[in-house]
Amino acid sequence: MTETVESNASNVSADTTASTVEIYDGTGWQPVCEWDGLVPGRGVAVLVGDQQVAVFRDRAGEVYAVGNRDPFSGAHVLSRGILGSRDGAPVVASPMYKQAFCLRTGACLDEPLAPDGSEAAVRVWPVRRGVAPEPVVSYEPPEPVAGAPRRAGHAGHAGHARHDIADWRPEDPVFWKETGARTARRNLLFSVLSEHIGFSVWSLWSVLVLFLGPEYGIDPAGKFLLTALPTALGAVLRLPYTVAVAAFGGRNWTVISALLLLVPTVLAGVLLEPGVSYGTLLAVACAAGVGGGNFASSMANINAFYPQRLKGWALGVNAGGGNLGVAAVQLLGLLVLATAGSGNPRLLPLLYLPLIALAALGAALRMDNLTGLRNHKRALREICREPHTWVMSVLYIGTFGSFIGFGFAFGQVLQVQFHGDFDTPVKAAGLTFLGPLLGSLVRPVGGLLADRWGGARVTLVNYGAMAAGAVTVLVASREGSLPLFVTGFVALFVFSGIGNGSTYKMIPAIFRARARTAVEAHGADPAAAEETSRRRASALIGVAGAVGAFGGVLVNLAFRQSFLGSHNGDAAYLAFLATYALCAALTWAVYLRPGRGPVGV
């Protein structure tokens, strides 16, 4: 949570003769009681709309306002609590069960959870000392809280100011219930739309290579390279895309990143025809990598909107909706192949032009910027010195690297290894979408399971299942069994999707556990510890997303070398099996072995 209480000391001159206490309710500053009626060291209960608020004034003249309801008893009694301090932070002790609540952050300093399982915290309201009849100093109130109507007096703000949110406290249960959840869901919806289109553009060449018949003069190894290049560029772009959210604003960068998708789609729509040089095709395919960067910025943005207890679900939905873009572009490719034929590959990228425009327009009109987000100096350098960064990056290579790599390569693998069954592009395209579709749909399930059972436990079990899938594919390859081969590959897609959700849940949980330890064991300031946790989690999401995406490059290169060397994928399947075994061992050793790892990951 961020501190929202304003000190009155700098706002009112010493010769003020009459003053009030004012609370910002989301539409403006509302007077709630007389300043002189507020006895230092004691509280009063006031109404702000239909909400009971406890207002306190300490002996130094500072004023605070928090929700009056005690989350442990359910009674509206905090205004009768005892004012004091703990480790330099102002607190109020509830008259019911004596838990202390920080007046700056609303957090309970004694117990993390209320009896109903929700976070033990009270809402903190912006409050100040006002004057009557006229203020001595003019005030500039903060931007309205999310979803609140704007006052007429703000009509002169810049056009994009209505999309800027300064007051954002997702860990405050009252704030979340009243305005936060609705705003977060709206941003999540349009984030998913933009990321979905980005994934489709990123995966465009997994379908376009199926159109490249003998007239293009490209062998299977050359086609695997065409799908590896956009994967590589997308991985590299994830780092700058992560920091772009705080630099430009989540809404603003979503619009920009969506419009950048026009570059690879227009290029492919214009240049893709027989006679084009292989070097030109490599350059055009590489440009599609901009779609891979959208994932990192989208995840960093949504991570900031949601409270800790819902991050697994929210990040899973966001990523899963984006991952569906892989299946969507393959289905559209099948439609083009079935209706226009393999001689019209340019139709596929051109179909995405209006969809890209729609995603950019939706983001511009309906998304918001969290103005409190900041790119801290040397944040990426700091997180790169963190051992958990590289552990999580390896784990994400095993899950997301598998998903995106298989998504790009599956159609080619079917055509090469089972050419008798998939001798035309239509036959291959008719099956390739199934794995990415199922893997995308179950990604939120991985997040939900991690929310319930812990990300590390779910990830460990999931790697065991992925290893079983790799064994199935290897056996099917050696036996020449197409049904068993498809079953094993679909299982790999499904479990890689679940693992994507569970590993991403682990990232914020690692630093949240550290923040809790810092507060409970070392007396750290809760707000500062929470801010550090968020900063490091966002940075790690970017780094792990970039490194994990390189797993897709490795998958395509593994297939390329395996087919070049032995004309089948057996060597690649053995490499995948070894990777999953290594990731399972790493998960257990770092996060589940007794005495190791942050508690609760």
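## A walk through the model, from Glu 273 onward

Start by selecting Glu 273, which is partly exposed, with a relative accessible area of 39%. Keep in mind as you go that this is a predicted model.

**Stop: Glu 273 and Arg 346.** Now add Arg 346 to your selection and show both side chains: they meet in a salt bridge, 3.9 Å from N to O. Glu 273 sits in the loop between helix 5 (262-271) and helix 6 (278-287), while Arg 346 is in the loop between helix 8 (311-339) and helix 9 (347-366), so this pair ties together parts that are 73 residues apart in sequence. Like its partner, Arg 346 counts as partly exposed, at 32% relative accessibility. The structure holds 9 salt bridges, and two others are coming up on this tour.

**Stop: Thr 254.** Move to helix 4 (residues 250-260) and pick out Thr 254. Is Thr 254 buried or exposed? Its relative accessible area is 12%, so it is buried. Beyond its close sequence neighbours, Thr 254 touches Ser 194, Ala 363 and Met 367.

**Stop: Asn 375.** Next, go to the loop between strand 11 (369-370) and helix 10 (379-384), where you will find Asn 375. This residue is partly exposed, with a relative accessible area of 39%. Leaving aside neighbours within four places in sequence, Asn 375 is in contact with Val 243, Ala 246 and Ala 247. Try a distance label to Ser 538 as well: the two C-alpha atoms are 9.8 Å apart, although the residues are 163 apart in sequence.

**Stop: Glu 382 and Arg 536.** Select these two to see another salt bridge, with the closest N and O atoms 2.8 Å apart. Glu 382 belongs to helix 10 and Arg 536 to helix 17 (residues 526-566), a link across 154 residues. Both are partly exposed, Glu 382 at 25% and Arg 536 at 27%.

**Stop: Arg 514 and Glu 386.** Here the closest N and O atoms of the salt bridge are 2.7 Å apart. Arg 514 is in helix 16 (residues 482-522) and Glu 386 is in the loop between helix 10 and helix 11 (387-417), so the pair joins parts 128 residues apart in sequence. Arg 514 is partly exposed at 33%, whereas Glu 386 is buried at 10%.

**Zoom out.** Finally, colour domain 1 (19-131), domain 2 (178-330 + 340-372) and domain 3 (376-600). The C-alpha centres of domains 1 and 3 lie 45 Å apart, yet 4 residues of domain 1 are in contact with 4 residues of domain 3. About 340 Å² is buried between them, 66% of it from carbon and sulfur atoms. On the domain 1 side, you will see 1 nonpolar, 1 polar and 2 charged residues. How many salt bridges are counted between domain 1 and domain 3? The count is 0.

Methods:
Residues numbered from 1 in each chain as written. Predicted model: local features only at pLDDT ≥ 70, side-chain atom pairs only at ≥ 80, totals over all residues. Heavy atoms only, no water. Domains from an automatic or database assignment. Contact = heavy atoms within 4.5 Å. Buried area = accessible area lost by both parts, 1.4 Å probe. Salt bridge = Lys/Arg side-chain N within 4 Å of Asp/Glu carboxyl O. Nonpolar A, V, L, I, M, F, W, Y, C, P; charged D, E, K, R; others polar. Helix = DSSP H or I, 4+ residues; strand = E, 2+ residues; numbered from the N terminus. Buried < 20%, exposed > 50% of the residue type's maximum accessible area, 1.4 Å probe, protein only.
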